[in-house]
Structure formats: C-alpha cells, structure tokens
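Work through these short exercises with the model open. Try each task before reading its solution.

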Amino acid sequence: MERRERADAARNRRAILAAAEALLREHPPGEVSVERVAAAAGVGKGTVFHRFGSRVGLMQELMTERARALEQAVMEGPPPLGPGAPAGERLVAFLDAVVAMAAGNAGLMAAHEHARLTQKAGGGSRLANPIYVAWHEHISGLIAEARPDLDAELAGHVLLGTLHTEPISGLLLGGESARVAATLGDLVRGLLSEGGGPPRE
C-alpha cells in the first residue's frame, strides 16, 4: 500500500510540473494560478499545495530542476564552466550558461519572479531565493579570486541582478540572448581587466 502511495505521489508530481510548464508556454505568468495548474494536471488544488506548499514553491521546484544541470556542470563539468579554467573565463562561461537557461525558460523565470513578488510576508526578496543565493555565491567567489581588491559581493549582485531587470527580460523574451551574453562578457572583461581577465576572441 505504501509503495502504491509513493507511486501515486510521484505521478502527481510529474503531472503537476508538466501542467505548469504547458500553461506557462501559453499564458502570462500572472494567469498561471495553482487552481489552473491543478485543473490541467487532473488533481485537486489541495494536492498541489500539499506537494509544493504554495505557488512560489511550485515555480521554485520547476526552477530548481532547470538549475540542477547547471549546478552539476559548474561543480564537475569540463572547463571553462567547470573547474580548471581561470576565474575570469569561468565567470564569462557561467554567465553565458545562465543567459542561455534564462532565454530557454523565459516564461518560467517570469512566473517564478511574479510568484515571489506577490507572495506575502516578504517572500519577494531575491535573497530568500536559494537559486539566486547559490549563483551569487559562485559569481562573487570568482570575482574575488580574479580581483581581490574589488567588492566581490556587490559586484556579483550587479552582474546577476541585471538579468532580473525588465529591459533585459524583454531582450531574452525577444530572442536576443546572444546580445545579452556578449555584453555581459564585455562587462566582466572590463571589470577584471586589471587582474588579467580573459581577452575577447
């Protein structure tokens, strides 16, 4: 009986995540409610809340799945994204990967941001988002390695925060991810130039 319940829970989880993704491809973030996701998944609203806690939790789970592959590449993959390359090269490669992920999941990222900003009790802070915290830690660590004289913590927020601005989100939604990645790369090279940052090819 317990095994059957676990199988049902796993099936419900997959159905809910798939329904949320499908709705995000067709509707603005503000229109993808828990009720709508539950109806599309063929489950009760209570099932979604039981599994994910809230709309924020649902979007967080989708984002975490997308970010998991990037995290593994950073920790164990080949350079320059993974270990073994100079810090500046790793930083450019990481931002390229983040931009590519954001461009491929623009609807999800917008919905995740919308859910956090509309959550009560201060849930809108990006510093409460574990994905943002992990990405910022990686970015600021690379900046500190390449330029110990800089305020790496603040510089990390500046670089990562640009991806959350409305103009940049619009460019990503409009298919201009290559432009965004190239400009972020230029900013990184300028920022790290005194520390021997990677030259642009």
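The exercises below concern a predicted model, and each is followed by a worked solution.

**Exercise 1. Describe the overall fold**

Task: Determine how many helices and strands the protein has, and in what order the elements run.

Solution:
- Count the elements. The protein has 10 helices and zero strands.
- Read them from the N terminus. The order is α-α-α-α-α-α-α-α-α-α.
- Check burial. The protein has 201 residues, and 41% of them count as buried.
- Look at the surface. The accessible area is about 10,800 Å², with 55% of it belonging to carbon and sulfur atoms.
- Look at contacts between residues at least 6 apart in sequence. Of these, 60% join residues at least 24 apart.

**Exercise 2. Analyse a helix pair**

Task: Work out how helix 4 and helix 5 are oriented to each other, and which residues make the contact.

Solution:
- Start with the two quantities to find. Two packed helices are described by the angle between their axes and the distance between the axes.
- Locate the pair. Helix 4 covers residues 55–76 and helix 5 covers residues 87–104.
- Take the values. The angle is about 160 degrees, and the axes are 11 Å apart.
- Apply the cut-off. Angles over 145 degrees count as roughly antiparallel, so helix 4 and helix 5 are roughly antiparallel to each other.
- Assign the handedness. Helix 4 passes helix 5 in a right-handed crossing.
- List the contact residues. Helix 4 supplies M63, R66, A67, L70 and V74, while helix 5 supplies R90, F94, A97, V98 and M101.
- Sort them by class. The contact has eight nonpolar residues, two charged residues and no polar ones.

**Exercise 3. Classify E61**

Task: Decide whether E61 is buried or exposed, and find which residues E61 is in contact with beyond its neighbours within four places in sequence.

Solution:
- Place the residue. E61 sits in helix 4.
- Take its relative accessible area, which is 18%.
- Compare with the cut-off. Buried means under 20%, so E61 is buried.
- Set aside neighbours within four places in sequence. E61 is then in contact with R13, L17 and F52.

**Exercise 4. Classify R179**

Task: Decide whether R179 is buried or exposed, and find how far apart R179 and V99 are in sequence and in space.

Solution:
- Place the residue. R179 belongs to helix 10, which spans residues 177–191.
- Take its relative accessibility, which is 51%.
- Compare with the cut-off. Exposed means over 50%, so R179 counts as exposed.
- Turn to the pair. R179 and V99 are 80 residues apart in sequence. Their C-alpha atoms are 10.0 Å apart in space.

Technical notes. Residues numbered from 1 in each chain as written. Predicted model: local features only at pLDDT ≥ 70, side-chain atom pairs only at ≥ 80, totals over all residues. Heavy atoms only, no water. Helix = DSSP H or I, 4+ residues; strand = E, 2+ residues; numbered from the N terminus. Buried < 20%, exposed > 50% of the residue type's maximum accessible area, 1.4 Å probe, protein only. Contact = heavy atoms within 4.5 Å. Areas by Shrake-Rupley, 256 points an atom, 1.4 Å probe, with all protein chains shown as cover. Axes fitted to C-alpha atoms, helices over the stretch in contact; angles between N-to-C directions. Parallel < 35°, antiparallel > 145°, perpendicular 65-115°, else oblique. Left-handed = near helix turned anticlockwise from the far one by under 90°. Nonpolar A, V, L, I, M, F, W, Y, C, P; charged D, E, K, R; others polar.
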